[in-house]
Amino acid sequence: MANMQRLHPKAVWLFFWTNAIGFIFLGIAALLASTFNLTFLETEKFPMTEGGVILATVLIIGSYLWAKLHYASYKYDLKEDVFQKEYGILAKRYVTIPYEKIQNVDIHRGLLARMLGLSNLQIQTAGASYAGAEGTLPGITHKVAEQLRDEILKRAQTRKNTQGSNI
């Protein structure tokens, strides 16, 4: 797809920290689980061994590489009749949303996104649930999010007005 737009380069860090936070919670759970291991209680050794350091390093590097791949796979475009996006590393997803199906466009700025100066655009369509929001566009600047929101809503309204006058 020619002329597809990319997310802001800081989106790499948004994806990285999202992955890393998940790994941190997994590591904390594993650490807590190991404290109840009888071997640990008998030897009185701290459970963070060389293997744990190596695993943490691999997970951090892996998270960063995965975030770079995720960023590189994400593209979007406003076509004449539809919003399009494509993304995915192992499995590519191609999403096309006709403007006349769009009900609302929201801008969401979670803590991590705000810290990076980014926003997420959420395109809501008729009959779609929030959990299945296929129109989510993460990792764009707030200014770009506002411009996209305004343009998408304008196009959606124009398409609905055009369809209404053809009935």
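# A tour of the strands, salt bridges and surface patch

Select Q5 and then Y76, a residue of β2: the two are bridge partners. What you have open is a predicted model. Q5 gives a way into the first stop on the tour.

**Stop 1: the sheet with four strands**

Widen the selection to β1 and to strand β2, residues 75-78. Two bridges join this pair, and the strands run antiparallel. Strands of a sheet pair through backbone hydrogen bonds, either parallel or antiparallel. Now add β3 and β4. The four strands form an open sheet in the order β1-β2-β3-β4, with antiparallel pairing. Which strands are at the edges of this sheet? They are β1 (5-6) and β4, each of which pairs on one side only.

**Stop 2: the sheet with three strands**

Clear the selection and pick β5, β6 and β7. These three strands form an open sheet in the order β5-β6-β7, and here too the pairing is antiparallel. The edge strands are β5 and β7 (135-141), since each pairs on one side only. Look along the sheet to see its twist, which averages 20 degrees from one strand to the next.

Next, keep β7 and strand β6 (residues 118-125) on screen; five bridges join them. For one residue pair to display, choose S119 and its bridge partner in β7, I140.

**Stop 3: salt bridges**

Show the side chains of the charged residues. How many salt bridges does the model have? The count comes to eight.

Begin with R159 and E100. They form a salt bridge in which the closest N and O atoms are 3.5 Å apart. R159 belongs to helix α5 (residues 142-165), whereas E100 is in the loop between β4 (93-98) and β5 (102-108), so this pair ties together parts that are 59 residues apart in sequence. Are these two residues buried, partly exposed or exposed? R159 has a relative accessibility of 27% and counts as partly exposed. E100, at 23%, is also partly exposed.

Move to R149 and D150. Their closest N and O atoms are 3.3 Å apart, and the two form a salt bridge. Both are partly exposed: R149 has a relative accessible area of 25%, and D150 has a relative accessibility of 46%.

Then select E151 and K154, another salt bridge, with the closest N and O atoms 3.6 Å apart. Both residues are in helix α5, and because they are three residues apart there, about one helical turn separates them. E151 counts as partly exposed at 24% relative accessibility.

Salt bridges can also share partners. Select K75, E86 and K92 together to see this: shared partners join these three residues into one network.

**Stop 4: a nonpolar patch**

For the last stop, turn on the surface and select W13, W17, I21, I24, F25 and I28. Together these residues make a nonpolar surface patch of about 600 Å². Where is W13 placed? W13 is in helix α1, which covers residues 11-35. With a relative accessible area of 38%, W13 is partly exposed. Partly exposed residues have between 20% and 50% relative accessible area, so W13 is in that class.

Terms used
Residues numbered from 1 in each chain as written. Predicted model: local features only at pLDDT ≥ 70, side-chain atom pairs only at ≥ 80, totals over all residues. Heavy atoms only, no water. Patch = residues over 30% accessible without salt bridge, like charges linked within 9 Å, V, L, I, M, F, W, Y side chains within 5 Å. Areas by Shrake-Rupley, 256 points an atom, 1.4 Å probe, with all protein chains shown as cover. Salt bridge = Lys/Arg side-chain N within 4 Å of Asp/Glu carboxyl O. Buried < 20%, exposed > 50% of the residue type's maximum accessible area, 1.4 Å probe, protein only. Pairing = 2+ DSSP bridges. Axes fitted to C-alpha atoms, helices over the stretch in contact; angles between N-to-C directions.
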